[in-house]
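Here is a short report for a first look at this structure. Keep the sequence and the 3D view at hand while reading.

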Amino acid sequence: MFSLKFVDLVRIHVKAGHGGDGCVSFRREKFVPKGGPDGGNGGDGGSVIVEAAQNLLTLADYQYTRRFAAERGVSGSGALCYGANGKDLTIYVPCGTVVYDAGTDAPLADLVEPGDRCVVARGGRGGKGNAHFASSQRRAPRFSEKGEAGEERDITFELKMIADVALVGLPNAGKSSLLKAISNANPKIAGYPFTTLTPNLGVLAVDDQKIILADVPGLIEGAHENKGLGLYFLRHIERTRVNVHVLDLSEGNFDTIVNQWHVVLDEFRHYGAGLAERPGIIALNKVDLLSDAGVVRQLREFFAGKGLRAIVTSALRGDGIEDLIDEIVKVVRANPRPKGSYRLYDAPLDVDSISSGKPRIVKEDEGVYRVVHPRIEKAVARYDFSQEEAPLRLLRLLRQFKVEDLLEEAGAAAGDTVNIGETSFTFEPERAL
Ligand SMILES: Nc1nc2c(ncn2[C@@H]2O[C@H](COP(=O)(O)OP(=O)(O)OP(=O)(O)O)[C@@H](O)[C@H]2O)c(=O)[nH]1
Ligand SMILES: [Mg+2]
């Protein structure tokens, strides 16, 4: 029995693991009074990855658990022991999930096929131990790097249903009733319009193939302008392969019945995304309420003229249900899902694009530039520049935000003054670490 509540939009928080700190340590051995530096590097933090999985159909799990964090990297230790990398954390979502950065609404990935994945937060790099900083001039460095923070952000999942077949039509036509008749779904059915407010999913198992069907809320004129929440449902059927147009025969008259189809098709045309051109099947439903066999014949001929097969059904009595199933299977098989519909957007995954935006460079005077960015300003205010490691940390921070590049773009040259908050520096591009 398949009956699913359709959850299609959730927002979660992801946090990658912090990098492990580098270690400050010196060799201690018997008879070696002053050993060299041997502090190992910290491990990298784990990343958070989102992956599409075949067996999931909704985002319901993420209504309850909303925070996800990957493991930290382990800190380095003495005797050149490297810290272990933190484990990546994989979050599984249904095929058809589009991942967005919740802050900017930029799409990060469109996960269509099982196994499609994208990194949504990269783990922080582990810090180097003091052994790394030893050189002929600096034999006993007493500093090490701290591990970098892991990326962190809010992301949104939007499930654009990848049902194979959508049952579409005006309100009250019998879409949910037909879904129930052909698929074992158990949606709410009632004799008033807009009974269905979120799509219901059903599975039709034929041999070893599973066809996923969805009914959608009734469409009305102006749906493409969001009348009756139309945009909300139309976006769900963007990716179906076949649309079953459910028409209500109880209206009795050829013109009004054909008009039901025109209304839906017009909305599809306005909406775009190829909906109007998608293969269709016509279900002439509620035949038990129609006594005029002539209208049915006329309708069949009309649709045949459009290259569409019309099947006469009664969801209530069961007429035509087997025929409808056969036709659906036939058309679905003739229209395999196009390969390569999967897209991974060029996700801006730099730290600066994630939480705090790009630093702004302001030219204050000839040869004087200011870097404006809350996080950099705060960090600089905290640094103690009498400490040996402060310039290194500054440089790393600036690199992380690509400040050197931005300064050069703004016209700064070596020797110019760079102000950050209350502190001034001399611009020395490409200074080696
Ligand atoms: N007589 C008869 N009534 C039907 C048939 N199919 C559906 N109905 C009735 O029509 C009404 C609407 O059926 P639904 O399946 O809820 O229609 P829907 O298209 O899903 O409606 P919305 O979700 O509101 O858009 C209900 O009262 C059903 O019992 C049929 O073949 N014959
Ligand atoms: Mg319904």
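Asparagine 184 follows helix α1 and has a positive phi, near 80 degrees. The model is a predicted one. The helix just before this asparagine, α1, spans residues 175–183. Is α1 enclosed by the rest of the structure or left open? It is largely enclosed, because 9 of its 9 residues are buried. They are Lys175, Ser176, Ser177, Leu178, Leu179, Lys180, Ala181, Ile182 and Ser183. The cover over these buried residues includes the strands β9 (165–168), β10 (200–206), β11 (209–215), β12 (242–248) and β13 (280–285), along with helix α5 (321–334).

**The ligand shell**

Helix α1 also serves the shell around ligand 1. It gives the largest share of that shell, 3 residues. The residues around ligand 1 number 25, and Gly174, Ser176, Gly191, Thr196 and Gly218 come nearest. By class, 10 residues of the shell are nonpolar, 11 are polar and 4 are charged.

**The cores**

The largest nonpolar core holds 48 residues. Val165, Leu213, Leu247, Ala283 and Leu284 have the most contacts inside it. Helix α3 (residues 254–271) gives the most to this core, with 5 residues. A second core, separate from it, has 22 residues, including Val48, Leu89, Ala109 and Leu111.

What does leucine 213 touch, leaving out residues up to four places away in sequence? Its contacts are Ala163, Asp164, Val165, Leu167, Leu179, Ile182, Ser183, Gly202 and Leu204. Among them, Leu179, Ile182 and Ser183 are buried residues of α1.

**Two open sheets**

Two open sheets come next. One has 3 strands in the order β4-β2-β7, with mixed pairing. β4 (89–94) and β7 (117–121) stand at its edges. Each has a single partner strand, so one side of each is left without a neighbour in the sheet. Neighbouring strands here are turned by 30 degrees against each other on average, direction ignored.

The other sheet has 5 strands, ordered β3-β1-β8-β5-β6, and its pairing is mixed too. Its edge strands are β3 (67–69) and β6 (107–111). Each of these also has a single partner strand, so one side of each lacks a neighbour in the sheet. The average turn between neighbouring strands of this sheet is 25 degrees, direction ignored.

One strand pair from each sheet is set out below.

| Strand pair | Sense | Bridges | Citation |
|---|---|---|---|
| β2 (residues 48–53) and β4 | parallel | 6 bridges | strand pair of β2 |
| β1 (residues 9–15) and β3 | parallel | 3 bridges | strand pair of β1 |

Individual residues can be placed in these pairs. Valine 48 has leucine 89 as its bridge partner in β4. Both residues belong to the second core. Valine 14 stands opposite phenylalanine 68 in β3.

**A buried loop residue**

Where does phenylalanine 401 sit? Its place is in the loop between α8 (390–400) and α9 (403–409). Phenylalanine 401 is buried, because 20 other C-beta atoms lie within 10 Å. Lysine 358 is 43 residues away from phenylalanine 401 in sequence, and 7.2 Å away in space, C-alpha to C-alpha.

**The whole chain**

The chain has 433 residues, and 40% of them count as buried. It contains 9 helices and 18 strands. Among contacts with a separation of 6 or more, 71% join residues 24 or more positions apart.

Note on methods. Residues numbered from 1 in each chain as written. Chains lettered and ligands numbered in written order. Predicted model: local features only at pLDDT ≥ 70, side-chain atom pairs only at ≥ 80, totals over all residues. Core = buried A, V, L, I, M, F, W, Y, C linked by C-beta atoms within 7 Å. Buried ≥ 20, exposed ≤ 12 C-beta atoms within 10 Å, placed from the backbone. Helix = DSSP H or I, 4+ residues; strand = E, 2+ residues; numbered from the N terminus. Contact = placed C-beta atoms within 7 Å. Near = placed C-beta within 6 Å. Nonpolar A, V, L, I, M, F, W, Y, C, P; charged D, E, K, R; others polar. Pairing = 2+ DSSP bridges. Axes fitted to C-alpha atoms, helices over the stretch in contact; angles between N-to-C directions.
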